[in-house]
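Work through the exercises below with the sequence and the model open. Try each task before you read its solution.

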Amino acid sequence: EEVLQWICSPEGGNSTCKGIRPGGAHFYPDTLWDHLQWAMTSYYERHHESSRFTFRSCWFGGISYLVPPPVNVLYLVSDPSNAHGRLMLSGEHEFNVGKAFRIPHGANLTFHFEDLTAKHDRKAQTSFVVMAKTEDPGSSFLEVEVSYDFNGDGSYDRVEKSFPAKVVHDEFTAAAARMRTNQVQGAPLQEMVRGTILLRLVNTGPSDMEVLEADKSTPSHLQIPFFPY
């Protein structure tokens, strides 16, 4: 908490931290850890091009330090070949300008990642963050379903479903979901060999919803419990 207060002070260089204030684009998830992650990332983006910026500039007493982008994060991006989207590993190529996908009430939107060879990370679990907005704030929910085909044979071996994530604003804000273990069908997590991941977003609210693809300033992504080789 002291680190967050310092970053959001004039000394830290981001005296307002509007992004994580109520109504800000990154207020949700409303937890100290999520706000701190946003604030530290903001600090890095503001200062890393300075000649005085060093590795230890983001040390923050050992709470945080600079690391490469995680390899088990898949970003939601548009696919020019169809109305749905695809999943992209960090560093695969430059992001496009964030495109908004519209999901009508009761409909779904899918994203694919294919030909993944990866080792199961037993200490991690599936989680999801997307920038979303709705015409009916507070009563709209986004359900997340992740399917794993471990060997790429076209048959999904495991399906995980999330608690519904509430979408509470008519402007783009972050909605987060963790896959709950009692909503799992199929085989245990295991090594993937040229496997496929399918992400399905289902709008269960009373009105249309929009989700924003990942770009340099939005966090729409799926984190998977795997380490690609």
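Buried means under 20% relative accessible area, exposed over 50%, and partly exposed in between (1.4 Å probe, protein chains only). This is a predicted model, in which local features need pLDDT of at least 70, side-chain atom pairs count only at pLDDT 80 or more, and totals for chains, interfaces and linings use all residues. Residues are numbered from 1 along each chain as its sequence is written, and side-chain values use heavy atoms, with hydrogens and water left out.

**Exercise 1. Place Glu 160 and classify its exposure.**

Step 1. Find the element. Glu 160 sits in strand E7, residues 158–162. Strands (E, at least two residues) and helices (H or I, at least four) are DSSP runs, numbered from the N terminus.

Step 2. Apply the cut-off. Glu 160 has a relative accessible area of 5%, so it is buried.

Step 3. List the polar partners. A polar contact is a pair of N or O atoms within 3.5 Å; within protein, one must be able to donate a hydrogen and the other to accept it, and residues adjacent in sequence count only if both atoms are side-chain atoms. The Glu 160 side chain makes one with the side chain of Thr 126, at 3.0 Å. It makes another with the side chain of Arg 158, at 2.8 Å.

Step 4. Add the surroundings. Contact means heavy atoms within 4.5 Å. Leaving out residues up to four places away in sequence, Glu 160 touches Thr 126, Val 144, Glu 145, Val 146, Tyr 148, Met 179, Gln 183, Val 184 and Leu 189.

**Exercise 2. Describe the setting of strand E5.**

Step 1. Check burial. Seven of the eight residues of E5 are buried, so the strand is largely enclosed by the rest of the structure.

Step 2. Find the pairings. Two strands pair if DSSP finds at least two bridges between them. E5 pairs with E11 (residues 209–212) in the antiparallel sense, over four bridges. E5 also pairs with E12 (residues 221–223), again antiparallel, over three bridges.

Step 3. Pick out bridge partners. Ser 127 has Gln 223 as its partner in E12. Thr 134 stands opposite Met 209 in E11.

**Exercise 3. Which residues surround Thr 134?**

Step 1. Locate Thr 134. This residue belongs to E5, residues 127–134. Its relative accessibility is 4%, so it counts as buried.

Step 2. Look across the chain. Met 209 is 75 residues away in sequence, yet the two C-alpha atoms are separated by 4.5 Å.

Step 3. Collect the contacts. Setting aside neighbours within four places in sequence, Thr 134 is in contact with Ser 140, Val 167, His 169, Asp 170, Ser 207, Asp 208 and Met 209.

Step 4. Mark the polar ones. The side chains of Thr 134 and Ser 140 are joined at 2.9 Å by a polar contact. A polar contact also joins the side chains of Thr 134 and Ser 207, at 3.3 Å.

**Exercise 4. How many disulfides does the structure hold?**

Step 1. Set the criterion: a pair of cysteine sulfur atoms within 2.5 Å.

Step 2. Search the whole structure. One disulfide turns up.

Step 3. Describe the link. Cys 8 and Cys 17 form it, with their sulfur atoms 2.0 Å apart. The angle about the S-S bond is -95 degrees, and the link is left-handed. Cys 8 and Cys 17 are both buried.

**Exercise 5. Summarise the chain.**

Step 1. Count elements. The chain has two helices and 13 strands.

Step 2. Give the burial. Of its 229 residues, 42% count as buried.
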